[in-house]
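Here is a guided look around one protein chain and the small molecule it holds. Keep the 3D view open while you read, and click on each residue as it comes up.

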Amino acid sequence: MHHPAVTRRRCLQAWALGAGPAWAGRGAGAAAPLTIRLSHVVAEQTPKGLALQRFARNVHAAGGGRIRVEIYADSRLYGDASEMQALQLGAVDMLAPSLSKFGPIGCPEFELFDLPFLFSQREQVHRITQGSVGRALLATLARQGLVGLGYLDNGFKHMSANRPLLAPEYFAGLRMRIQSSRVIAQQMRALGAEPVVLDFGETRRALALGVVDGTENPASNFWTQHMHEAQQDLSLTTHGWLGYAVVTHQRLWQHLQAPDRRLIEDALTEALAWGNTIAEQENRSALAAVQASGMTRVHAMDEAQRQGLRQAVQPAWDGLRTRIGPEWMARMRAALD
Ligand code: SIN
């Protein structure tokens with residue numbers, strides 16, 4: 001049996017050698033069958049896993065079975081590092097990466113969402129994602145040949161390690177696994193920790209082996225990846241947001257007939273709106289499950305502690321201003337005011 005990373009590499013190589021996307025030989029007629037391969041990195045029982053399953057069911061129902069969405073969850077097909085490349089190459093057709101993962105492919109504007117303590121309520125996030133700033137951000141994906149189809153919530157992130165992380169001094173010297181966002185890297189450095197970019201699918205193992213000491217994620221990801229088995233303390237810092245953008249490639253999008261594009265868009269819009277209604281509850285249930293497991297101590301945070309962390313992470317804001325320019329910051333501010 002091959003290691004999953006080897007299988008993924010072979011998959012990419014096979015595609016590069018000529019095995020094309022499933023839809024490539026398909027006639028352009030609206031009645032031709034179509035399979036859309038959708039890869040993501042989280043468990044099925046998460047806001048993203050559930051919303052994408054609903055999307056697949058919606059497509060199946062609306063297309064009378066002619067269009068199929070095949071979902072590869074939990075990094076089964078590709079991890080963070082390879083999935084964007086796989087989409088560019090046509091080895092998969094759709095992804096739903098977190099907003100923090102678009103920086104490395106040349107869209108650093110998405111790192112706006114990573115600014116620590118930017119949002120204190122989900123409704124503020126929606127003012128961006130459901131408004132003109134959100135649309136403008138999705139449009140930037142065209143630079144990379146991608147089409148942004150919509151946003152999906154997960155929730156607020158918390159910090160975990162084998163110690164409580166309620167004040168900056170507790171971060172000193174910790175190696176913290178992060179997503180591939182420069183803003184999050186700056187946030188961790190500002191707190192005195194060393195950021196380590198790792199694929200989501202490798203994080204639990206890295207925590208268990210002590211390769212990294214801690215990480216940040218909403219409770220739904222923490223619980224479904226069994227991170228509670230490897231982390232003694234979860235501090236409810238709600239310092240940052242985790243959300244997603246569903247993307248496809250222009251190659252597929254332009255290949256589709258307008259009625260199929262509309263069918264897919266409608267199916268996704270409904271599924272994402274539904275996903276946004278369940279995300280908070282999924283995170284609440286996951287947090288309750290972590291607490292009930294008795295394996296991780298859960299620490300609430302008071303306002304003074306929150307203020308202490310907020311002040312410490314200020315350099316991440318300055319860094320983003322430099323990285324993406326003041327215009328996006330101003331647009332975001334205007335949307336939130
Ligand atoms: C995800 O929710 O898709 C993964 C988040 C992470 O990499 O931390």
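## Thr 215 and its reach

Start with the side chain of Thr 215, which reaches the backbone oxygen of Arg 177 at a distance of 3.1 Å. Keep in mind that you're looking at a predicted model. You'll find Thr 215 in strand S7, which covers residues 214-217.

Is Thr 215 buried or exposed? It's buried, because its relative accessible area is 1%, and buried means under 20%. If you skip the neighbours within four places in sequence, Thr 215 is in contact with His 158, Met 159, Ser 160, Met 176, Arg 177, Thr 203, Leu 207, Met 227 and Gln 231.

## Around the ligand

Arg 177 turns up again among the residues around the ligand. The full set is Val 41, Val 42, Lys 48, Lys 101, Arg 177, Gln 179, Phe 200, Asn 217, Asn 221, Leu 242 and Tyr 244.

Which atoms does a polar side-chain atom of Lys 48 come up against here? Its partner is an oxygen atom of the ligand, 2.6 Å away. Lys 101 also has a polar side-chain atom lying 2.7 Å from a ligand oxygen, and for Asn 221 the distance from a polar side-chain atom to an oxygen of the ligand is 2.9 Å. On its own, the ligand would expose 260 Å², and the protein buries 100% of that. As for where to look, the ligand sits in the largest cavity.

## Asp 233, tucked away in S8

Next, click on Asp 233, whose place is in strand S8. Asp 233 counts as buried because its relative accessibility is 0%.

What does the side chain of Asp 233 make a polar contact with? One partner is the side chain of His 299, at 2.6 Å. A polar atom of the Asp 233 side chain also lies 3.1 Å from the backbone nitrogen of Arg 163. Both of those residues show up in the wider list of contacts, which leaves aside neighbours within four places in sequence: Met 159, Ser 160, Ala 161, Asn 162, Arg 163, Pro 164, Thr 296, Arg 297 and His 299. Met 159 and Ser 160 may ring a bell, since Thr 215 is in contact with them too.

## Asn 283 on helix H10

Now for a helix: Asn 283 is found in H10, which runs over residues 258-293. With a relative accessibility of 10%, Asn 283 counts as buried, so it falls under the 20% cut-off.

The side chain of Asn 283 reaches the backbone nitrogen of Ser 220 at 2.8 Å. A polar atom of that side chain also lies 3.4 Å from the backbone nitrogen of Ala 219. Setting aside neighbours within four places in sequence, Asn 283 is in contact with Pro 47, Arg 122, Asn 154, Gly 155, Pro 218, Ala 219 and Ser 220. Here's one to trace by eye: Asn 283 and Trp 223 are 60 residues apart along the chain, and their C-alpha atoms are separated by 9.1 Å.

## Helix H5 and its cover

Helix H5 takes in residues 132-140. Which residues of H5 are buried? They are Val 133, Gly 134, Ala 136, Leu 137, Leu 138 and Thr 140. What covers them includes helix H4 (122-129), strand S4 (146-161), strand S8 (233-249) and helix H13 (326-336).

One residue of H13 is Pro 326. Pro 326 counts as exposed because its relative accessibility is 53%, and exposed means over 50%. Pro 326 and Val 298 are 28 residues apart along the chain, with 37 Å between their C-alpha atoms.

## Two positive phi angles

Some background first: most residues other than glycine have a negative phi. Ser 75 isn't a glycine, yet it has a positive phi of about 60 degrees. Look for Ser 75 in the loop between strand S2 (67-72) and helix H3 (80-89). Ser 75 is buried, because its relative accessible area is 11%.

Phe 117 is another residue other than glycine with a positive phi, near 60 degrees. Phe 117 lies in the loop between strand S3 (94-95) and H4. A relative accessible area of 12% is why Phe 117 counts as buried.

How values were computed:
Residues numbered from 1 in each chain as written. Predicted model: local features only at pLDDT ≥ 70, side-chain atom pairs only at ≥ 80, totals over all residues. Heavy atoms only, no water. Buried < 20%, exposed > 50% of the residue type's maximum accessible area, 1.4 Å probe, protein only. Helix = DSSP H or I, 4+ residues; strand = E, 2+ residues; numbered from the N terminus. Contact = heavy atoms within 4.5 Å. Near = heavy atom within 4 Å. Polar contact = N/O pair within 3.5 Å; in protein donor to acceptor, adjacent residues only side chain to side chain. Areas by Shrake-Rupley, 256 points an atom, 1.4 Å probe, with all protein chains shown as cover. 1 Å grid on protein atoms, 1.4 Å probe; cavity = no way out; pocket = protein on both sides within 12 Å on 5 of 7 lines; lining within 4 Å. Sits in = over half its atoms within 2 Å of the grid points.
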